[in-house]
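Reader: I would like to learn how to read a structure like this one. Could you walk me through it?

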Amino acid sequence: MSRTVRLILIALVALILCAVAPFIGPSFADDETMRRVLYTLRLPRAGAAFAAGAILALCGMVFQSLFRNDLASPYTLGVSGGASFGAAVAILLGLPGLFGIPGVPLAAFCGALVSVAVVWRLSLVSYRFGSQTMLLAGVAVGFFFSGLTVLVQYLADYSHSYRILHWLMGSLDSAGSGELLKLAPFVPVVCLAALFHRELDLMSLGEETSAARGLDPKKMSLILFALTSLAVAGVVAVTGPIGFVGLMAPHIARMLVGPSHRLLGPATFFTGGALLVLCDTCARILIAPAEIPVGVITALLGGPFFLWLLLRRDR
Amino acid sequence: MTMLSARGITLSIGAATILTDVSFDLPPGGILSVIGPNGAGKSTLLKCLAGLLTPTGGAVRVGDSPLETLSGRDRARRIAVVPQEALFTVPFTVAEFLELARYPHRGSFSPLTAADRAALDRAVAVTGIAPLLERTVTTLSGGEKRLALIAAALAQESPLLLLDEPTAALDPAHRAAILRLLKKAHDELDRTIVLVTHEVNDALFLGGTVIGLKKGRIALPATATDELELAALGALFDIPFTHWHDETGRRLVAPEVTP
(Lines give C-alpha, C1' and ligand atoms only; values in the text may rest on other atoms or scores of the structure.)
Protein backbone atom coordinates (compact mmCIF):
# COMPACT_ATOMS: atom_id res chain seq x y z
CA MET A 1 0.00 0.00 0.00
CA SER A 2 1.47 3.35 -0.94
CA ARG A 3 2.27 5.80 1.82
CA THR A 4 -0.16 8.38 0.51
CA VAL A 5 -3.00 5.84 0.62
CA ARG A 6 -2.02 5.02 4.20
CA LEU A 7 -2.19 8.71 5.09
CA ILE A 8 -5.67 8.98 3.61
CA LEU A 9 -6.74 5.90 5.61
CA ILE A 10 -5.30 7.37 8.83
CA ALA A 11 -7.24 10.60 8.24
CA LEU A 12 -10.46 8.66 7.51
CA VAL A 13 -10.12 6.47 10.59
CA ALA A 14 -9.39 9.54 12.73
CA LEU A 15 -12.44 11.42 11.45
CA ILE A 16 -14.73 8.41 11.85
CA LEU A 17 -13.45 7.92 15.40
CA CYS A 18 -14.17 11.58 16.23
CA ALA A 19 -17.66 11.31 14.79
CA VAL A 20 -18.46 8.09 16.65
CA ALA A 21 -16.83 8.90 20.01
CA PRO A 22 -19.55 11.28 21.26
CA PHE A 23 -22.19 8.56 20.81
CA ILE A 24 -20.31 6.15 23.06
CA GLY A 25 -21.32 6.22 26.69
CA PRO A 26 -24.49 6.19 28.76
CA SER A 27 -27.53 7.15 26.68
CA PHE A 28 -30.57 8.97 27.87
CA ALA A 29 -34.12 7.96 27.06
CA ASP A 30 -35.18 11.57 26.76
CA ASP A 31 -34.28 12.80 23.27
CA GLU A 32 -33.89 16.40 24.39
CA THR A 33 -31.43 15.49 27.19
CA MET A 34 -29.53 13.22 24.84
CA ARG A 35 -29.28 15.96 22.26
CA ARG A 36 -28.00 18.44 24.84
CA VAL A 37 -25.46 15.97 26.23
CA LEU A 38 -24.23 15.30 22.69
CA TYR A 39 -24.04 18.86 21.42
CA THR A 40 -22.99 20.81 24.51
CA LEU A 41 -20.84 18.20 26.27
CA ARG A 42 -19.56 15.26 24.30
CA LEU A 43 -19.07 16.81 20.86
CA PRO A 44 -17.04 19.85 22.03
CA ARG A 45 -15.10 17.58 24.36
CA ALA A 46 -14.19 15.24 21.51
CA GLY A 47 -13.17 18.29 19.49
CA ALA A 48 -11.01 19.58 22.35
CA ALA A 49 -9.43 16.13 22.78
CA PHE A 50 -8.67 15.94 19.05
CA ALA A 51 -7.14 19.43 18.98
CA ALA A 52 -5.02 18.82 22.10
CA GLY A 53 -3.83 15.42 20.84
CA ALA A 54 -3.02 16.74 17.37
CA ILE A 55 -1.07 19.71 18.74
CA LEU A 56 0.90 17.63 21.24
CA ALA A 57 1.70 15.03 18.59
CA LEU A 58 2.95 17.57 16.03
CA CYS A 59 5.09 19.28 18.69
CA GLY A 60 6.53 15.89 19.63
CA MET A 61 7.33 15.21 15.96
CA VAL A 62 9.11 18.56 15.58
CA PHE A 63 11.13 18.02 18.77
CA GLN A 64 12.10 14.48 17.79
CA SER A 65 13.39 15.80 14.48
CA LEU A 66 15.22 18.83 15.92
CA PHE A 67 16.88 16.88 18.71
CA ARG A 68 17.37 13.81 16.52
CA ASN A 69 16.19 11.90 19.55
CA ASP A 70 13.40 9.30 19.61
CA LEU A 71 12.66 10.06 23.26
CA ALA A 72 11.98 13.76 22.75
CA SER A 73 8.43 14.78 23.59
CA PRO A 74 6.59 18.11 23.73
CA TYR A 75 7.62 18.33 27.39
CA THR A 76 11.34 17.82 26.72
CA LEU A 77 12.14 21.48 27.32
CA GLY A 78 10.61 21.44 30.81
CA VAL A 79 7.31 22.92 29.60
CA SER A 80 5.13 20.72 31.79
CA GLY A 81 7.29 21.45 34.86
CA GLY A 82 6.93 25.20 34.38
CA ALA A 83 3.22 24.97 33.61
CA SER A 84 2.57 22.76 36.64
CA PHE A 85 4.36 25.18 38.92
CA GLY A 86 2.36 28.10 37.51
CA ALA A 87 -0.92 26.22 37.95
CA ALA A 88 -0.01 25.10 41.49
CA VAL A 89 0.80 28.66 42.56
CA ALA A 90 -2.42 29.97 40.98
CA ILE A 91 -4.48 27.30 42.76
CA LEU A 92 -2.76 27.94 46.11
CA LEU A 93 -3.05 31.72 45.95
CA GLY A 94 -6.36 31.80 44.10
CA LEU A 95 -4.89 34.07 41.41
CA PRO A 96 -7.53 35.98 39.43
CA GLY A 97 -7.99 35.65 35.69
CA LEU A 98 -7.22 38.21 33.01
CA PHE A 99 -8.94 39.03 29.69
CA GLY A 100 -11.61 36.46 30.45
CA ILE A 101 -9.05 33.66 30.89
CA PRO A 102 -9.20 32.05 34.36
CA GLY A 103 -6.17 32.35 36.65
CA VAL A 104 -5.01 28.73 36.59
CA PRO A 105 -4.58 28.23 32.82
CA LEU A 106 -3.15 31.72 32.54
CA ALA A 107 -0.51 31.03 35.22
CA ALA A 108 0.20 27.62 33.68
CA PHE A 109 0.69 29.22 30.26
CA CYS A 110 3.08 31.81 31.72
CA GLY A 111 4.94 29.13 33.69
CA ALA A 112 5.39 27.06 30.53
CA LEU A 113 6.76 30.01 28.58
CA VAL A 114 9.12 30.95 31.45
CA SER A 115 10.60 27.44 31.56
CA VAL A 116 11.17 27.42 27.79
CA ALA A 117 12.75 30.87 27.96
CA VAL A 118 15.10 29.71 30.73
CA VAL A 119 16.14 26.63 28.72
CA TRP A 120 16.61 28.74 25.62
CA ARG A 121 18.76 31.28 27.47
CA LEU A 122 20.84 28.52 29.08
CA SER A 123 21.54 26.91 25.73
CA LEU A 124 22.90 30.21 24.39
CA VAL A 125 25.44 30.45 27.23
CA SER A 126 27.28 27.36 26.03
CA TYR A 127 29.85 27.87 23.29
CA ARG A 128 28.23 25.57 20.76
CA PHE A 129 24.51 25.94 20.52
CA GLY A 130 23.85 22.24 20.50
CA SER A 131 20.58 20.38 20.69
CA GLN A 132 22.09 18.08 23.31
CA THR A 133 22.72 21.09 25.57
CA MET A 134 19.09 22.12 25.20
CA LEU A 135 17.86 18.61 25.85
CA LEU A 136 19.80 18.37 29.11
CA ALA A 137 18.94 21.91 30.13
CA GLY A 138 15.26 21.05 29.56
CA VAL A 139 15.49 17.99 31.80
CA ALA A 140 17.24 20.01 34.54
CA VAL A 141 14.77 22.90 34.39
CA GLY A 142 11.86 20.44 34.37
CA PHE A 143 13.15 18.77 37.55
CA PHE A 144 13.72 22.14 39.19
CA PHE A 145 10.14 23.26 38.56
CA SER A 146 8.79 19.84 39.61
CA GLY A 147 10.59 20.33 42.92
CA LEU A 148 8.98 23.73 43.34
CA THR A 149 5.56 22.28 42.48
CA VAL A 150 5.93 19.55 45.12
CA LEU A 151 6.94 22.24 47.60
CA VAL A 152 3.83 24.30 46.81
CA GLN A 153 1.69 21.18 47.11
CA TYR A 154 3.31 20.35 50.46
CA LEU A 155 2.59 23.83 51.76
CA ALA A 156 -1.01 23.82 50.55
CA ASP A 157 -3.98 22.62 52.60
CA TYR A 158 -5.86 19.44 51.76
CA SER A 159 -8.37 20.84 49.29
CA HIS A 160 -5.81 22.93 47.41
CA SER A 161 -3.39 20.03 47.37
CA TYR A 162 -6.12 17.79 45.89
CA ARG A 163 -6.90 20.34 43.19
CA ILE A 164 -3.19 20.63 42.32
CA LEU A 165 -2.88 16.84 42.14
CA HIS A 166 -5.93 16.66 39.88
CA TRP A 167 -4.47 19.32 37.59
CA LEU A 168 -1.12 17.51 37.46
CA MET A 169 -2.76 14.33 36.18
CA GLY A 170 -3.92 16.07 33.04
CA SER A 171 -7.56 15.83 32.22
CA LEU A 172 -10.27 16.68 29.73
CA ASP A 173 -13.17 16.01 32.09
CA SER A 174 -14.26 19.62 32.17
CA ALA A 175 -13.44 20.26 28.51
CA GLY A 176 -16.26 21.84 26.56
CA SER A 177 -16.73 24.40 23.84
CA GLY A 178 -14.79 26.98 25.93
CA GLU A 179 -11.71 24.74 26.03
CA LEU A 180 -12.11 23.94 22.34
CA LEU A 181 -12.10 27.69 21.62
CA LYS A 182 -8.99 28.20 23.78
CA LEU A 183 -7.14 25.39 21.98
CA ALA A 184 -8.23 26.37 18.47
CA PRO A 185 -5.75 29.24 17.93
CA PHE A 186 -2.82 26.92 18.66
CA VAL A 187 -3.78 24.49 15.88
CA PRO A 188 -2.68 26.86 13.06
CA VAL A 189 0.44 27.74 15.08
CA VAL A 190 1.63 24.15 15.20
CA CYS A 191 0.47 23.47 11.62
CA LEU A 192 2.66 26.37 10.52
CA ALA A 193 5.64 24.63 12.14
CA ALA A 194 4.77 21.39 10.32
CA LEU A 195 4.62 23.24 6.97
CA PHE A 196 8.42 23.46 7.10
CA HIS A 197 8.57 19.78 6.20
CA ARG A 198 11.67 20.03 4.01
CA GLU A 199 13.53 21.90 6.72
CA LEU A 200 12.50 19.24 9.26
CA ASP A 201 13.78 16.53 6.91
CA LEU A 202 17.08 18.36 6.51
CA MET A 203 17.48 19.06 10.21
CA SER A 204 17.03 15.40 11.01
CA LEU A 205 20.18 14.78 8.91
CA GLY A 206 22.23 16.90 11.33
CA GLU A 207 23.20 20.54 11.55
CA GLU A 208 26.20 20.24 9.25
CA THR A 209 24.38 18.52 6.40
CA SER A 210 21.45 20.92 6.63
CA ALA A 211 23.81 23.91 6.59
CA ALA A 212 25.61 22.46 3.56
CA ARG A 213 22.25 22.34 1.76
CA GLY A 214 21.76 26.05 2.37
CA LEU A 215 19.57 25.95 5.47
CA ASP A 216 20.37 28.16 8.46
CA PRO A 217 19.86 25.56 11.19
CA LYS A 218 20.04 28.04 14.07
CA LYS A 219 17.44 30.37 12.60
CA MET A 220 15.19 27.48 11.63
CA SER A 221 15.34 25.86 15.06
CA LEU A 222 14.56 29.21 16.67
CA ILE A 223 11.43 29.55 14.51
CA LEU A 224 10.35 25.96 15.14
CA PHE A 225 11.01 26.11 18.90
CA ALA A 226 9.10 29.37 19.20
CA LEU A 227 6.05 28.00 17.36
CA THR A 228 5.97 24.62 19.10
CA SER A 229 6.69 25.99 22.58
CA LEU A 230 3.82 28.44 22.22
CA ALA A 231 1.49 25.66 21.13
CA VAL A 232 2.55 23.21 23.88
CA ALA A 233 2.20 25.95 26.49
CA GLY A 234 -1.32 26.58 25.21
CA VAL A 235 -2.35 22.92 25.43
CA VAL A 236 -0.78 22.33 28.85
CA ALA A 237 -2.51 25.42 30.20
CA VAL A 238 -5.91 24.14 29.09
CA THR A 239 -5.66 20.39 29.79
CA GLY A 240 -2.76 19.97 32.21
CA PRO A 241 0.19 17.76 31.28
CA ILE A 242 -1.19 14.81 29.30
CA GLY A 243 1.73 12.50 28.67
CA PHE A 244 2.62 9.90 26.05
CA VAL A 245 0.52 11.20 23.13
CA GLY A 246 3.24 13.61 22.02
CA LEU A 247 5.89 10.91 22.29
CA MET A 248 3.91 8.04 20.82
CA ALA A 249 1.80 9.46 18.02
CA PRO A 250 4.76 10.59 15.85
CA HIS A 251 6.30 7.11 16.16
CA ILE A 252 3.07 5.37 15.21
CA ALA A 253 2.70 7.71 12.24
CA ARG A 254 6.32 7.11 11.24
CA MET A 255 5.78 3.35 11.25
CA LEU A 256 2.82 3.84 8.92
CA VAL A 257 3.97 6.51 6.44
CA GLY A 258 7.76 6.65 6.83
CA PRO A 259 10.09 9.40 8.05
CA SER A 260 9.59 12.04 5.34
CA HIS A 261 7.85 14.98 7.02
CA ARG A 262 5.69 15.82 4.00
CA LEU A 263 3.46 12.85 4.85
CA LEU A 264 4.56 12.45 8.45
CA GLY A 265 3.21 15.87 9.48
CA PRO A 266 -0.43 15.28 8.48
CA ALA A 267 -0.24 11.62 9.59
CA THR A 268 1.01 12.68 13.03
CA PHE A 269 -1.71 15.32 13.28
CA PHE A 270 -4.51 12.80 12.69
CA THR A 271 -2.86 10.02 14.73
CA GLY A 272 -2.36 12.30 17.74
CA GLY A 273 -5.88 13.66 17.56
CA ALA A 274 -7.47 10.23 17.16
CA LEU A 275 -5.33 8.74 19.93
CA LEU A 276 -6.40 11.32 22.49
CA VAL A 277 -10.07 11.07 21.45
CA LEU A 278 -9.82 7.30 21.92
CA CYS A 279 -8.11 7.59 25.31
CA ASP A 280 -10.57 10.25 26.47
CA THR A 281 -13.53 8.09 25.46
CA CYS A 282 -12.05 5.25 27.55
CA ALA A 283 -11.53 7.71 30.41
CA ARG A 284 -15.21 8.63 30.18
CA ILE A 285 -16.79 5.21 30.01
CA LEU A 286 -14.53 2.71 31.82
CA ILE A 287 -15.87 3.45 35.31
CA ALA A 288 -18.91 5.57 34.28
CA PRO A 289 -20.51 7.61 35.72
CA ALA A 290 -17.16 8.43 37.38
CA GLU A 291 -14.13 9.31 35.22
CA ILE A 292 -10.46 8.34 35.10
CA PRO A 293 -8.03 11.19 34.32
CA VAL A 294 -7.13 10.84 30.65
CA GLY A 295 -3.40 11.13 31.47
CA VAL A 296 -3.69 7.82 33.35
CA ILE A 297 -5.32 6.17 30.33
CA THR A 298 -2.76 7.49 27.82
CA ALA A 299 0.04 6.08 30.01
CA LEU A 300 -1.67 2.76 30.83
CA LEU A 301 -2.86 2.05 27.27
CA GLY A 302 -0.09 3.91 25.51
CA GLY A 303 2.88 2.32 27.25
CA PRO A 304 2.08 -1.33 26.46
CA PHE A 305 0.68 -0.52 23.01
CA PHE A 306 3.84 1.34 22.13
CA LEU A 307 6.01 -1.54 23.37
CA TRP A 308 3.97 -3.96 21.26
CA LEU A 309 4.49 -1.79 18.18
CA LEU A 310 8.24 -1.55 18.82
CA LEU A 311 8.69 -5.30 19.31
CA ARG A 312 6.54 -6.07 16.29
CA ARG A 313 8.66 -3.77 14.13
CA ASP A 314 11.92 -5.37 15.25
CA ARG A 315 10.74 -8.93 14.71
CA MET B 1 40.03 34.33 -12.68
CA THR B 2 39.70 32.09 -9.66
CA MET B 3 36.86 29.82 -8.66
CA LEU B 4 37.86 29.63 -5.03
CA SER B 5 40.44 31.63 -3.17
CA ALA B 6 41.59 31.53 0.43
CA ARG B 7 43.56 34.41 1.90
CA GLY B 8 45.24 34.05 5.27
CA ILE B 9 42.65 31.67 6.73
CA THR B 10 43.16 31.45 10.49
CA LEU B 11 40.89 29.69 12.92
CA SER B 12 41.19 29.64 16.69
CA ILE B 13 38.76 27.89 18.99
CA GLY B 14 39.33 29.00 22.55
CA ALA B 15 43.07 28.88 23.20
CA ALA B 16 43.73 26.38 20.40
CA THR B 17 44.77 27.59 16.94
CA ILE B 18 43.63 25.04 14.39
CA LEU B 19 44.58 26.88 11.18
CA THR B 20 47.20 29.59 10.62
CA ASP B 21 47.46 31.78 7.55
CA VAL B 22 46.31 29.31 4.87
CA SER B 23 46.16 30.79 1.36
CA PHE B 24 45.67 29.34 -2.12
CA ASP B 25 43.87 29.96 -5.41
CA LEU B 26 41.92 27.48 -7.46
CA PRO B 27 40.90 28.25 -11.08
CA PRO B 28 37.56 27.05 -12.53
CA GLY B 29 37.80 23.41 -13.54
CA GLY B 30 40.80 22.84 -11.31
CA ILE B 31 41.44 20.06 -8.87
CA LEU B 32 43.08 20.80 -5.53
CA SER B 33 44.04 18.02 -3.13
CA VAL B 34 44.78 19.04 0.42
CA ILE B 35 47.04 16.38 1.87
CA GLY B 36 48.67 16.07 5.27
CA PRO B 37 48.88 13.90 8.37
CA ASN B 38 45.97 13.27 10.75
CA GLY B 39 45.12 16.29 12.85
CA ALA B 40 46.72 18.76 10.42
CA GLY B 41 43.47 20.76 10.17
CA LYS B 42 42.46 19.53 6.71
CA SER B 43 38.83 18.84 7.53
CA THR B 44 38.57 22.11 9.45
CA LEU B 45 39.93 23.95 6.41
CA LEU B 46 37.32 22.24 4.24
CA LYS B 47 34.56 23.38 6.60
CA CYS B 48 35.87 26.95 6.43
CA LEU B 49 35.85 26.76 2.63
CA ALA B 50 32.30 25.40 2.69
CA GLY B 51 31.04 28.16 4.98
CA LEU B 52 30.21 25.68 7.75
CA LEU B 53 32.81 27.29 10.04
CA THR B 54 33.66 30.98 10.10
CA PRO B 55 37.41 31.61 10.19
CA THR B 56 38.62 33.97 12.91
CA GLY B 57 40.95 35.61 10.39
CA GLY B 58 41.35 35.84 6.62
CA ALA B 59 38.77 35.50 3.89
CA VAL B 60 37.34 32.96 1.47
CA ARG B 61 36.06 34.11 -1.91
CA VAL B 62 33.88 32.10 -4.27
CA GLY B 63 34.24 33.63 -7.73
CA ASP B 64 33.90 37.34 -7.11
CA SER B 65 31.93 37.08 -3.87
CA PRO B 66 33.24 36.94 -0.32
CA LEU B 67 31.81 33.72 1.13
CA GLU B 68 30.25 35.38 4.18
CA THR B 69 28.16 37.73 2.02
CA LEU B 70 26.32 34.82 0.37
CA SER B 71 22.99 33.64 1.76
CA GLY B 72 22.80 29.99 2.79
CA ARG B 73 21.00 28.97 -0.39
CA ASP B 74 23.26 31.05 -2.62
CA ARG B 75 26.27 29.40 -1.05
CA ALA B 76 24.78 25.93 -1.48
CA ARG B 77 24.07 26.66 -5.16
CA ARG B 78 27.79 27.29 -5.63
CA ILE B 79 29.37 24.82 -3.21
CA ALA B 80 28.39 21.19 -2.58
CA VAL B 81 30.02 19.32 0.28
CA VAL B 82 30.60 15.59 0.70
CA PRO B 83 31.25 15.07 4.42
CA GLN B 84 33.29 12.13 5.64
CA GLU B 85 30.29 10.85 7.53
CA ALA B 86 26.67 11.88 7.72
CA LEU B 87 24.02 11.23 10.34
CA PHE B 88 22.15 8.44 8.61
CA THR B 89 19.91 7.79 11.60
CA VAL B 90 16.56 8.51 9.96
CA PRO B 91 15.42 5.80 7.52
CA PHE B 92 14.84 8.00 4.47
CA THR B 93 14.97 6.17 1.17
CA VAL B 94 17.97 7.03 -0.99
CA ALA B 95 15.54 8.73 -3.40
CA GLU B 96 14.17 10.93 -0.60
CA PHE B 97 17.70 11.72 0.55
CA LEU B 98 18.74 12.77 -2.96
CA GLU B 99 15.64 14.93 -3.39
CA LEU B 100 16.65 16.94 -0.32
CA ALA B 101 19.81 17.94 -2.16
CA ARG B 102 17.64 20.11 -4.42
CA TYR B 103 16.69 22.27 -1.41
CA PRO B 104 18.92 25.23 -2.40
CA HIS B 105 17.08 25.44 -5.72
CA ARG B 106 13.54 24.77 -4.46
CA GLY B 107 13.21 26.41 -1.09
CA SER B 108 10.48 25.54 1.34
CA PHE B 109 7.32 25.06 -0.63
CA SER B 110 7.83 24.68 -4.40
CA PRO B 111 7.40 21.21 -5.90
CA LEU B 112 10.07 19.38 -7.93
CA THR B 113 10.46 21.15 -11.26
CA ALA B 114 11.59 19.58 -14.52
CA ALA B 115 15.05 21.04 -13.87
CA ASP B 116 15.14 19.39 -10.44
CA ARG B 117 14.18 16.03 -11.92
CA ALA B 118 16.77 16.38 -14.67
CA ALA B 119 19.50 17.15 -12.10
CA LEU B 120 18.47 14.15 -10.01
CA ASP B 121 18.43 11.89 -13.09
CA ARG B 122 21.90 13.06 -14.11
CA ALA B 123 23.30 12.41 -10.63
CA VAL B 124 21.69 8.97 -10.53
CA ALA B 125 23.00 8.11 -14.01
CA VAL B 126 26.58 9.20 -13.39
CA THR B 127 26.84 7.49 -10.00
CA GLY B 128 24.94 4.35 -11.05
CA ILE B 129 22.99 4.51 -7.80
CA ALA B 130 19.63 3.61 -9.42
CA PRO B 131 19.46 0.10 -7.87
CA LEU B 132 19.72 1.64 -4.39
CA LEU B 133 17.02 4.32 -4.77
CA GLU B 134 14.31 2.48 -2.84
CA ARG B 135 16.68 1.24 -0.10
CA THR B 136 16.68 3.14 3.19
CA VAL B 137 19.89 5.00 3.93
CA THR B 138 20.23 3.29 7.31
CA THR B 139 20.71 -0.09 5.60
CA LEU B 140 23.50 1.01 3.22
CA SER B 141 27.07 -0.27 3.53
CA GLY B 142 29.95 2.17 4.05
CA GLY B 143 30.73 2.31 0.32
CA GLU B 144 27.07 2.74 -0.63
CA LYS B 145 26.67 5.56 1.92
CA ARG B 146 29.65 7.35 0.39
CA LEU B 147 28.13 6.89 -3.07
CA ALA B 148 24.79 8.33 -1.83
CA LEU B 149 26.58 11.35 -0.34
CA ILE B 150 28.42 12.01 -3.60
CA ALA B 151 25.25 11.51 -5.65
CA ALA B 152 23.48 14.07 -3.44
CA ALA B 153 26.34 16.55 -3.84
CA LEU B 154 26.19 16.10 -7.63
CA ALA B 155 22.39 16.49 -7.64
CA GLN B 156 22.92 19.81 -5.88
CA GLU B 157 24.56 20.89 -9.19
CA SER B 158 26.99 23.31 -7.59
CA PRO B 159 30.05 23.98 -9.74
CA LEU B 160 32.38 23.56 -6.76
CA LEU B 161 32.62 20.14 -5.10
CA LEU B 162 34.35 19.82 -1.71
CA LEU B 163 35.08 16.32 -0.42
CA ASP B 164 36.36 15.25 2.98
CA GLU B 165 38.33 11.95 2.78
CA PRO B 166 35.94 10.41 0.23
CA THR B 167 37.86 7.13 0.07
CA ALA B 168 38.63 6.69 3.77
CA ALA B 169 37.77 3.24 5.18
CA LEU B 170 36.72 1.81 1.80
CA ASP B 171 37.83 -1.49 0.28
CA PRO B 172 39.97 -1.30 -2.93
CA ALA B 173 37.04 -1.81 -5.33
CA HIS B 174 34.87 0.85 -3.71
CA ARG B 175 37.86 3.19 -3.47
CA ALA B 176 38.55 2.78 -7.19
CA ALA B 177 34.87 3.34 -8.01
CA ILE B 178 34.77 6.57 -6.01
CA LEU B 179 37.99 7.83 -7.65
CA ARG B 180 36.67 7.07 -11.14
CA LEU B 181 33.45 8.86 -10.23
CA LEU B 182 35.33 11.97 -9.09
CA LYS B 183 37.36 11.94 -12.30
CA LYS B 184 34.11 11.76 -14.27
CA ALA B 185 32.58 14.59 -12.21
CA HIS B 186 35.56 16.72 -13.15
CA ASP B 187 35.99 15.68 -16.79
CA GLU B 188 32.35 15.27 -17.86
CA LEU B 189 30.35 17.38 -15.42
CA ASP B 190 32.84 20.27 -15.24
CA ARG B 191 33.06 20.26 -11.47
CA THR B 192 35.89 22.13 -9.77
CA ILE B 193 37.10 19.84 -6.99
CA VAL B 194 38.71 20.34 -3.60
CA LEU B 195 39.63 17.07 -1.96
CA VAL B 196 40.93 16.53 1.54
CA THR B 197 42.82 13.28 1.93
CA HIS B 198 45.84 11.59 3.41
CA GLU B 199 45.88 9.09 0.56
CA VAL B 200 48.54 10.67 -1.65
CA ASN B 201 47.77 8.22 -4.47
CA ASP B 202 44.20 9.54 -4.64
CA ALA B 203 45.63 12.99 -5.32
CA LEU B 204 48.05 11.58 -7.94
CA PHE B 205 45.22 9.72 -9.68
CA LEU B 206 43.03 12.81 -9.93
CA GLY B 207 45.84 15.15 -11.01
CA GLY B 208 45.73 18.91 -10.61
CA THR B 209 47.42 20.63 -7.71
CA VAL B 210 48.40 19.52 -4.24
CA ILE B 211 48.96 21.53 -1.09
CA GLY B 212 50.26 20.01 2.14
CA LEU B 213 48.95 21.00 5.55
CA LYS B 214 50.78 20.28 8.80
CA LYS B 215 49.84 21.55 12.25
CA GLY B 216 47.41 24.00 10.68
CA ARG B 217 49.95 25.66 8.38
CA ILE B 218 50.84 25.19 4.73
CA ALA B 219 53.90 22.94 4.86
CA LEU B 220 53.87 22.09 1.15
CA PRO B 221 53.01 25.00 -1.15
CA ALA B 222 50.82 24.42 -4.21
CA THR B 223 52.55 21.87 -6.46
CA ALA B 224 51.38 20.11 -9.62
CA THR B 225 50.80 16.43 -8.82
CA ASP B 226 53.32 15.24 -11.42
CA GLU B 227 56.00 17.42 -9.87
CA LEU B 228 55.44 16.22 -6.34
CA GLU B 229 58.82 15.25 -4.86
CA LEU B 230 59.40 12.38 -2.51
CA ALA B 231 61.44 14.59 -0.17
CA ALA B 232 58.54 17.02 0.19
CA LEU B 233 56.16 14.16 0.97
CA GLY B 234 58.64 12.74 3.46
CA ALA B 235 58.92 16.07 5.26
CA LEU B 236 55.13 16.49 5.31
CA PHE B 237 54.32 13.07 6.74
CA ASP B 238 57.54 12.57 8.75
CA ILE B 239 58.30 9.27 7.01
CA PRO B 240 60.42 8.56 3.91
CA PHE B 241 58.45 7.85 0.72
CA THR B 242 59.26 5.67 -2.27
CA HIS B 243 57.62 5.57 -5.70
CA TRP B 244 57.26 3.38 -8.77
CA HIS B 245 55.30 3.35 -12.01
CA ASP B 246 52.64 0.80 -12.90
CA GLU B 247 52.36 -0.79 -16.37
CA THR B 248 50.29 2.14 -17.64
CA GLY B 249 53.06 4.50 -16.60
CA ARG B 250 51.07 5.94 -13.71
CA ARG B 251 53.14 6.99 -10.72
CA LEU B 252 52.34 5.55 -7.30
CA VAL B 253 53.88 6.43 -3.95
CA ALA B 254 54.07 4.64 -0.63
CA PRO B 255 55.77 5.26 2.69
CA GLU B 256 58.86 3.16 3.34
CA VAL B 257 57.84 0.98 6.25
CA THR B 258 60.93 -0.42 7.96
CA PRO B 259 60.52 -3.18 10.52
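Author: Gladly; we will take the chains, then the sheets, then the core. Please keep in mind that this is a predicted model.

Reader: Let's begin with composition. How many helices and strands does chain A have?

Author: A good first step is to list the secondary structure. Chain A has 14 helices and 0 strands, so its pattern along the sequence is simply α repeated, α-α-α-α-α-α-α-α-α-α-α-α-α-α. Chain B mixes both kinds, with 9 helices and 12 strands.

Reader: And what does the radius of gyration say about chain A?

Author: The idea is to set the value beside the one a rule gives for a globule of that length. For the 315 residues of chain A the globule rule gives 20 Å, and the chain has 19 Å, so it is as compact as a globular protein of that length. Its C-alpha trace spans about 65 × 55 × 40 Å along the principal axes.

Reader: What radius of gyration does chain B have?

Author: Chain B has 18 Å, in agreement with the value near 18 Å for a compact globule of 259 residues. The C-alpha trace of chain B spans about 55 × 45 × 35 Å along its principal axes.

Reader: How much of each chain is buried?

Author: Here you look at the share of residues that count as buried. In chain A that share is 53% of the 315 residues, and in chain B it is 41% of 259. You can also ask how far apart in sequence the contacting residues are. Taking contacts with a separation of 6 or more, residues 24 or more positions apart account for 77% of them in chain A and for 65% in chain B.

Reader: Now the sheets. In what order do the strands of the 6-stranded sheet run?

Author: To read a sheet, walk from one edge to the other. This open sheet of chain B goes E6-E7-E8-E3-E9-E10, and its pairing is mixed. Strand E6 (79-82) and strand E10 (217-224) are the edges, each pairing on one side only. Ignoring direction, neighbouring strands are turned by 15 degrees against each other on average. Inside the sheet, strand E3 (residues 31-35) and strand E8 (residues 192-197) of chain B run parallel and are joined by 5 bridges; in one of them, Val34(B) has Val196(B) as its partner.

Reader: Which helix packs on that sheet?

Author: Helix H6 (residues 142-155) of chain B does, touching E6 and strand E7 (160-164). The direction of H6 makes about 175 degrees with that of E6(B).

Reader: Why does the 4-stranded sheet have strands with a side left without a neighbour?

Author: This open sheet of chain B has the order E2-E1-E4-E5 and antiparallel pairing. Strand E2 (16-26) and strand E5 (65-66) stand at its edges with a single partner strand each, so one side of each has no neighbour in the sheet. Strand E4 (residues 57-62) pairs with E5(B) over 2 bridges, and Val62(B) has Ser65(B) as its bridge partner. Helix H1 (residues 42-50) of chain B lies across strand E1 (4-13), E2 and E4, at about 120 degrees to E1(B).

Reader: Last, the core. Which residues have the most contacts inside the largest one?

Author: In soluble globular proteins, nonpolar side chains tend to be buried together. The largest nonpolar core here has 173 residues, and Ile55(A), Leu58(A) and Ala112(A) have the most contacts inside it. Helix H2 (residues 31-67) of chain A gives the most to this core, 17 residues. Beyond its neighbours within four places in sequence, Leu58(A) contacts several residues, including Val190(A), Ala194(A) and Phe269(A).

Note on methods
Residues numbered from 1 in each chain as written. Chains lettered and ligands numbered in written order. Predicted model: local features only at pLDDT ≥ 70, side-chain atom pairs only at ≥ 80, totals over all residues. Pairing = 2+ DSSP bridges. Axes fitted to C-alpha atoms, helices over the stretch in contact; angles between N-to-C directions. Contact = placed C-beta atoms within 7 Å. Core = buried A, V, L, I, M, F, W, Y, C linked by C-beta atoms within 7 Å. Buried ≥ 20, exposed ≤ 12 C-beta atoms within 10 Å, placed from the backbone. Rg over C-alpha atoms; globule rule 2.2 N^0.38 Å.
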